[in-house]
Amino acid sequence: MMVTLTMPMPPSLNNAFVNIKRGRRKSKAHEAWASEADWKIRAQRPIPVAGRVVLEWVFGWKEISKLSDLSNRIKLAEDALVAAGVIDDDRFIESFQARKDYQSTDVQVSIFKFIKIKENFSSFF
């Protein structure tokens, strides 16, 4: 089973939270992005993929600084999949692959159901 979705580019984790007197909270940019991402994901009417999964990410880097860090975008995108009910929890992500696409501005993710075939061999087909 495979599900492919698109969502807007998340803010960097460096800009996702702000410090307050009693800890941290989501920044306005993070809140706005999370709301937009949730709407766009749900509008695609994805079939939820329960249990363990493998993710393949393509992050549109056309309008992002060349100095920006790819891994700082992944966590928020994973959280958006959980919030929209596409995957159960990000703790069930067995592995992922991520790359930049300098021709695009959105994020595309393909979600595969993780299937353990043998003790030392796994697949996501």
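## Strands, helices and strand E6

Helices (H or I, at least four residues) and strands (E, at least two) are DSSP runs here, numbered from the N terminus. With that in hand, Lys 113 belongs to strand E6. Keep in mind throughout that this is a predicted model.

How exposed is Lys 113? The answer is partly exposed, at 28% relative accessibility. A polar atom of the Lys 113 side chain sits 2.4 Å from the backbone oxygen of Ala 50. Compare that with Ala 43: 70 residues separate Lys 113 and Ala 43 along the chain, and their C-alpha atoms are 21 Å apart.

Ser 110 is also worth a look, and strand E6 (residues 107–113) is where you'll find it. With 10% relative accessibility, Ser 110 counts as buried, because the cut-off for buried is under 20%. Its side chain makes a polar contact with the side chain of Thr 4, at 3.1 Å. Once neighbours within four places in sequence are set aside, Ser 110 touches Met 2, Val 3 and Thr 4, along with Val 54, Leu 55 and Glu 56.

## The nonpolar core

In soluble globular proteins, nonpolar side chains tend to be buried together. In this model, the largest nonpolar core holds 28 residues, and those with the most contacts inside it are Met 7, Trp 57, Phe 59, Leu 81 and Ile 111. Which elements each supply at least two residues of this core? They are strand E1 (2–7), helix H1 (28–43), strand E4 (53–60), helix H2 (71–83) and E6. H2 gives the most, with five residues.

Trp 57 has quite a list of partners. Leaving out residues up to four places away in sequence, they include Met 7, Ile 74, Ala 77, Glu 78 and Leu 81. Also touching Trp 57 are Phe 96, Gln 97, Ala 98 and Arg 99, plus Val 107, Gln 108 and Val 109.

## Helix H2 and the crossover

H2 has a string of buried residues: Asn 72, Arg 73, Ile 74, Leu 76, Ala 77, Glu 78, Ala 80 and Leu 81. What do they pack against? The buried residues of H2 pack against E1, H1, E4, E5 and E6. Just past the end of H2, Gly 85 takes a positive phi of about 80°.

On the strand side, E4 pairs with strand E5 (residues 93–101) in the parallel sense, over eight bridges. One bridge joins Leu 55 to its partner in E5, Phe 96. To get from E4 to E5 the chain goes through H2, and this β-α-β crossover is right-handed.

## Two loop residues

Ser 12 lies in the loop between E1 and strand E2 (17–20). Is Ser 12 buried or exposed? With a relative accessible area of 7%, Ser 12 is buried. Beyond neighbours within four places in sequence, Ser 12 is in contact with Asn 72 and Arg 73. Those two residues are themselves among the buried ones of H2.

Arg 45 is found in the loop between H1 and E4. Arg 45 is exposed, its relative accessible area being 74%; the cut-off for exposed is over 50%. Its backbone deserves a second glance. Most residues other than glycine have a negative phi. Arg 45, though not a glycine, has a positive phi of about 50°.

Technical notes: Residues numbered from 1 in each chain as written. Heavy atoms only, no water. Buried < 20%, exposed > 50% of the residue type's maximum accessible area, 1.4 Å probe, protein only. Polar contact = N/O pair within 3.5 Å; in protein donor to acceptor, adjacent residues only side chain to side chain. Contact = heavy atoms within 4.5 Å. Core = buried A, V, L, I, M, F, W, Y, C linked by side-chain atoms within 4.5 Å. Pairing = 2+ DSSP bridges. Right-handed = clockwise from strand over helix to strand, strands pointing away.
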